Amino acid sequence: MVAKLMHAVVYGGSVGGAVGLKHVEVEIPTPSKDEVLIKLEAATLNPVDWKAYQLKALLRPFLARNSPLIPCTDVAGEVVEVGSQVKNFKVGDKVVSILSLLKGGGLSEYAVAKEILTVFRPPEVSAAEGASLPVAGLTAHMALTQFIGLDLTGKDPHHKNILVTAASGGVGQYAVQLAKLGGAHVTATCGARNLELVKSLGADEVLDYKTPEGAALKSPSGRKYDAVGNLKEDGVVVDLTPGPAAMWTYAVKRITCSGKKLKPLMLIPKDDVGLKFLVELVKEGKLKTVIDSRHCLGDAEVAWSKGIAGHATGKIIVEP
Ligand SMILES: NC(=O)c1ccc[n+]([C@@H]2O[C@H](COP(=O)([O-])OP(=O)(O)OC[C@H]3O[C@@H](n4cnc5c(N)ncnc54)[C@H](OP(=O)(O)O)[C@@H]3O)[C@@H](O)[C@H]2O)c1
């Protein structure tokens, strides 16, 4: 039987930047027993996509043979085939999924997703809004609920003071809105051009990160974190870009019982609970998505370069 082909964008080697991307025709993947095949309507980019670029190139020999390295994990679309053990989805369902962080697959016309990491997308939630949620929304959600202990129902009488840096970015925009749902007082930093936008998302105080006042709020320790933090003296700093040094500091602080709580966060989604919660908030009009720009799959390099530049306001969308 002749295999059906799809347009996809793959890593073309170990060269960094958009120049490493290649447009190819590859076989449409077949879903495993616990997966669904999705005809994609939108995908969004995250810094993890290009940060993982060279790591994936290095891991290439250990990945499934002949499987192309198609970047991007956050997708929305329509189910066109289901694996033999899939119970909750059928052909024609509109969904949002987070794909395997290792294998990716989003910069293409079709992708396979685990049933357990897939949720229904109601008509009130556009494909672009849905695809914006997985990595950025789940990271903000995880930082606030699991690391900072914020109750997002807003019923906690002890209102927390939360600092959200890079509030105009993918994670930051959701962190500001979720923190407000949790009844927190939100101080945010962003560039001058986005001060009004971040205020409109609900932040109580917004500082231009290029001013001395804004720069001073980067983190209590003066380190430059992409952080969501509780500003009290015994507060928590969530490090979204933990390198080996941060992991080491974290380990040592735990051993020495230091009062300073630096917590490195690494998003590894295991179920659909957080994503369902976020999709529901969007449906109810309680969570908005700022979209930086939309690009067709043929212009994936433009989207990729824009993301790497690090100055997107909200999410960068790629549409097949
Ligand atoms: N650990 C994890 O599991 C995890 C998960 C998701 C994200 N992350 C990390 O979290 C970070 C944020 O991700 P993202 O998707 O939100 O990135 P993003 O969308 O690319 O962030 C871009 C935004 O950040 C703003 N910005 C840049 N430097 C800033 C600074 N010093 N102070 C305040 N704002 C600044 C930019 O504003 P201007 O254009 O005005 O400069 C731009 O609007 C990234 O480092 C990412 O790798 C980690």
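Student: Among contacts in the chain between residues at least 6 apart in sequence, what percentage join residues at least 24 apart?
Tutor: Keep in mind that this is a predicted model. Take the contacts between residues at least 6 apart in sequence. Of those, the share that joins residues at least 24 apart is 67%.

Student: Which residue is 24 residues from I28 in sequence and 5.9 Å from I28 in space?
Tutor: Start with the place of I28: the loop between strand 2 (21–27) and strand 3 (35–44). Setting aside neighbours within four places in sequence, I28 has contacts that include L5, M6 and Y110. The residue 5.9 Å away, C-alpha to C-alpha, is K4.

Student: Is I28 buried, partly exposed or exposed?
Tutor: Count the other C-beta atoms within 10 Å of I28: there are 18. A buried residue needs 20 or more, and an exposed one has 12 or fewer. I28 is therefore partly exposed.

Student: How far apart are the end C-alpha atoms of helix 5?
Tutor: Helix 5 has twelve residues. At 1.5 Å a residue, the expected span is 16 Å. The model agrees with this, as the end C-alpha atoms lie apart by 18 Å.

Student: How much of helix 5 is enclosed by the rest of the structure?
Tutor: Look at which residues are buried. They include G170, Y174 and L178. Ten of the twelve residues are buried, so helix 5 is enclosed largely.

Student: Which residue with a positive phi follows helix 5?
Tutor: Look just after the helix. The phi there is near 80°. The residue is G183.

Student: Which helix gives the largest share of the largest nonpolar core?
Tutor: This core has 79 residues, and A175, V176 and A188 are among those that touch the most other members. The largest share is seven residues, and it comes from helix 4.

Student: Where does this core lie with respect to domain 1 and domain 2?
Tutor: Domain 1 covers 5–121 + 290–318, and domain 2 covers 135–264. Both give residues to the core, so its place is between them.

Student: Which residues come nearest to the ligand?
Tutor: There are 29 residues around the ligand. Elements that give two or more residues to this shell include helix 5 (170–181) and strand 9 (185–190). Domain 1 and domain 2 both contribute, so the ligand lies between them. The nearest residues are G169, G170, G191, Y209 and H311.

Student: How many charged residues does the shell around the ligand have?
Tutor: Sort the shell by class. Nonpolar residues number 13 and polar ones 14. The charged residues number two.

Methods:
Residues are numbered from 1 along each chain as its sequence is written. This is a predicted model: local features need pLDDT of at least 70, side-chain atom pairs count only at pLDDT 80 or more; totals for chains, interfaces and linings use all residues. A residue is near a molecule or strand if its C-beta atom, placed from the backbone, lies within 6 Å of it. Helices (H or I, at least four residues) and strands (E, at least two) are DSSP runs, numbered from the N terminus. Ala, Val, Leu, Ile, Met, Phe, Trp, Tyr, Cys and Pro count as nonpolar, Asp, Glu, Lys and Arg as charged, and the others, Gly among them, as polar. Domain bounds come from an automatic or database domain assignment. The expected span of a helix is 1.5 Å times one less than its number of residues. A nonpolar core is a set of buried Ala, Val, Leu, Ile, Met, Phe, Trp, Tyr and Cys residues joined through C-beta atoms within 7 Å. Two residues are in contact if their C-beta atoms, placed from the backbone, lie within 7 Å.
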